[in-house]
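The exercises below are meant to be worked through with the sequence and the model side by side. Try each task before reading its solution.

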Amino acid sequence: MSAQFQPSPRPFDERLLQVGEHELLRPVYTLPLHEAKLAEALEKLGIPHYLPVKKAWSVFHRRYKDKEYRYTREYFRPLFPSYLFVKVTEAERYAVLSHPSAIRILPVSNTNAFIADLKLVRQLEQIAQHQELEFHSTLKEGDRFLIECGPWQGVYGWLRKRDKRFLWQVEIQCLNGVVQAYLDPSQYKMTRVES
């Protein structure tokens, strides 16, 4: 069975919600379809982590002796593709980043708010076991946005295209014109604004 498919959801590790003085609770951005591989590696290292999942089904068609058979297989996929959550010390942080599936550990501005969001994610995961949920970012192609942090803070732009390399092609408003650029959406907070 492929590592991105899980036979069942793993139990939630309550240690995630008890963040000490020298510990960080952070989302980890992974390679596509590598969330479960990284979760398995973290399990072996004893690092508290959380990979929220949702139910999915595969439909198979087989032909045997001129008869067609159809069957389904239930499995679990990540609720948030390319993301999982970890609680690490500074030393464990490097162990996470050294795994080939991990791309980066994302910053969190307010740990208490992030813990509240994580509790909401747990509720969403429980709902996803009984009904279909799909996570979408708030920005769609063609939307106008304001960048709220980083070197582009306060700049308006338009989302033109979501690239396959997990970059967004954007047009940034500048000097009565626009500049085309590629941005990594995990590095900026972008809020949709009305045109």
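**Exercise 1. The lining of a pocket**

Which element gives the most to the lining of the second largest pocket, and with how many residues?

*Solution.* Bear in mind from the start that this is a predicted model. Begin with the pocket itself, which holds about 210 Å³ of space and has a lining of 16 residues. The elements that give two or more residues to this lining are α1 and β2. Of the elements, α1 gives the most, with 3 residues. Next, look towards the centre of the pocket, where R10, P11, D13, E43 and H49 are the lining residues that lie nearest. Finally, sort the lining by character, which yields 8 nonpolar, 3 polar and 5 charged residues.

**Exercise 2. The buried side of a helix**

Find which residues of helix α1 are buried, and what covers them.

*Solution.* Helix α1 spans residues 35-45, and its buried residues are E35, A36, L38, A39, A41 and L42. To read such a list, recall that an α-helix has 3.6 residues a turn, so residues three or four places apart point the same way. The next step is to ask what lies over these positions: the cover includes the strands β1 (23-30), β2 (49-50), β4 (67-78), β5 (83-89) and β6 (102-105), together with helix α2 (90-97). Just after α1 comes G46, whose phi is positive, near 75 degrees.

**Exercise 3. A loop residue and a helix residue**

Decide for S101 and for A91 whether each is buried or exposed.

*Solution.* Start with S101, which is found in the loop between α2 and β6. Its relative accessibility is 2%, and because buried means under 20%, S101 counts as buried. Leaving aside residues up to four places away in sequence, S101 touches T30, L31, H34, K37 and L38, and of these L38 is also among the buried residues of α1. Turn now to A91, which lies in helix α2. With 60% relative accessibility, A91 counts as exposed. A91 and E23 are 68 residues apart in sequence, while their C-alpha atoms are 9.8 Å apart in space.

**Exercise 4. The order of a sheet**

Work out the strand order of the open sheet of 4 strands, and say which strands stand at its edges.

*Solution.* The order of the strands is β2-β5-β1-β6, and the pairing is antiparallel. Reading the two ends of this order, β2 and β6 stand at the edges with a single partner strand each, so one side of each is left without a neighbour in the sheet. Inside the order, β1 and β5 run antiparallel and are joined by 7 bridges. As an example of how residues face one another across strands, R26 stands opposite V86 in β5.

**Exercise 5. Pairs of opposite charge**

How many salt bridges does the structure hold? Describe the pairs made by R15, R122 and E74.

*Solution.* The structure holds 7 salt bridges. Side chains of opposite charge can pair when their charged atoms come close. In one of these salt bridges the side chains of R15 and D13 meet, at 2.7 Å from N to O. Within this pair, R15 is partly exposed with a relative accessible area of 39%, whereas D13 is buried at 19%. D13 is also one of the residues nearest the centre of the second largest pocket.

Another salt bridge joins R122 to E14, with 3.5 Å between the closest N and O atoms. Because R122 lies in helix α3 (residues 111-128) and E14 in the segment before β1, this pair ties together parts that are 108 residues apart in sequence. R122 is partly exposed at 23% relative accessibility, and E14 is partly exposed at 40%.

In the pair of E74 and K55, the closest N and O atoms are 3.9 Å apart. E74 lies in strand β4 and K55 in strand β3 (residues 53-64), so the parts tied together are 19 residues apart in sequence. E74 is partly exposed, with a relative accessible area of 43%, and K55 is partly exposed at 25%.

How values were computed: Residues numbered from 1 in each chain as written. Predicted model: local features only at pLDDT ≥ 70, side-chain atom pairs only at ≥ 80, totals over all residues. Heavy atoms only, no water. Buried < 20%, exposed > 50% of the residue type's maximum accessible area, 1.4 Å probe, protein only. Contact = heavy atoms within 4.5 Å. Salt bridge = Lys/Arg side-chain N within 4 Å of Asp/Glu carboxyl O. 1 Å grid on protein atoms, 1.4 Å probe; cavity = no way out; pocket = protein on both sides within 12 Å on 5 of 7 lines; lining within 4 Å. Points joined across faces, edges and corners; volume = space filled by probe spheres on them. Nonpolar A, V, L, I, M, F, W, Y, C, P; charged D, E, K, R; others polar. Pairing = 2+ DSSP bridges.
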